[in-house]
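Student: Could you take me through this model and show how each label is earned?

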Amino acid sequence: MTSSAPVESTAARAPTRGSIQVEPLTCVIGAELGGVSLADAARDDALFAEIKALLLKHRALFLRDQDITRAEHVAFARRWGELEDHPIAGSDPDHPGLVRIYRDLNSPPERYENSFHCDATWREAPPMACVLRCVETPAVGGDTIWVNMVEAYNRLPEHIKQRIAGLRARHSLEATFGATMPMEKRRALRASYPDAEHPVVRTHPETGEKILFVNAFTTHFVNFHTPDNVRVGQDFAPGASLLLSYLISQAAIPEVQVRFRWRKDSVAIWDNRCTQHYAVQDYWPAVRKMERATIVGDAPC
Ligand code: SIN
């Protein structure tokens, strides 16, 4: 945990310690919290500890009516650790670490990228968690879906679990965010942010649970081509890509998901080590503005 200086509050708030209301949203992931202000949690060790424990249990937490300042948003996220910027999405100039995810008429629909993903698995140490606040939402549409990737792993057939144990995979910023860039720019991106390699099944550092850890940033397995997996040379590429596609497709199964409808000042907090998410892009040309504090994590193992 990182200590943070007290921040100015936007309004007087009733004490919330010990009074968090918790309403699970599905049987497998997500809970809505009531009776709590994240501005208070930024200053209050016990309240923060309660939220931290709830995040480990529910994996994604949702709060309404968080009329907090950007400084309070950052201060709350900093309780978990350092924040990171994003090399392509810009951050708020006055609040480093608060990434702006703004969509409007200048981001036409063919440039709206999306897919199920964990944030920034192209880093050697991807983020451990994120705190996302809705600044402006379309009248309808623009929901976000989260997926429990522990449950996705648990539901795999036993022979698949055996097959993927020990496999490792490459994750790439170049092949995703860089794909529309001219070659020189893409190569420069890759030089600054080289691909990362992670286990296909990672272990949650706090709960010890196994997590299916491939997503839209994953390009290929790096150690698939062994005598156990390959009969003849031709099996290598199709065998590996079919297995990877199957694993990536697990995030699209509704039974392991929760879908959240945003309102202004709604906040989502997710454990990025064991979830994936998908921001549904069904609202263009309406405006959608989100701000995300992204907390630095550890190298998966
Ligand atoms: C993200 O992909 O981190 C942002 C999700 C969203 O905008 O709902």
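Tutor: Let us begin with the residue that follows helix α2, namely R59, whose phi is positive, near 75 degrees. Here helices are DSSP runs of H or I with at least four residues, numbered from the N terminus. This is a predicted model, in which local features need pLDDT of at least 70 and side-chain atom pairs count only at pLDDT 80 or more, while totals for chains, interfaces and linings use all residues. Residues are numbered from 1 along each chain as its sequence is written, and side-chain values use heavy atoms, with hydrogens and water left out.

Student: How do you know that the span of helix α2 agrees with what is expected?

Tutor: The expected span is 1.5 Å times one less than the number of residues; for the 14 residues of α2, 45–58, this gives 20 Å, and the end C-alpha atoms are 20 Å apart, so the two agree.

Student: Which residues of α2 are called buried?

Tutor: Buried means under 20% relative accessible area, exposed over 50%, and partly exposed in between, with a 1.4 Å probe and protein chains only. In α2 the buried residues are L47, F48, I51, L54, L55 and H58. Seen down the axis of α2, they fall within an arc of 120 degrees, so they line one face, the arc being that of the directions from the helix axis to the C-beta atoms. On the other side of α2, D45 and K57 are exposed.

Student: Why is C27 not counted in a disulfide?

Tutor: A disulfide is a pair of cysteine sulfur atoms within 2.5 Å, whereas the sulfur of C27 is 17 Å from the closest cysteine sulfur, in C274, and is therefore too far for a bond.

Student: What makes C118 buried or exposed?

Tutor: C118 has 3% relative accessibility, and therefore counts as buried.

Terms used: Helix = DSSP H or I, 4+ residues; strand = E, 2+ residues; numbered from the N terminus.
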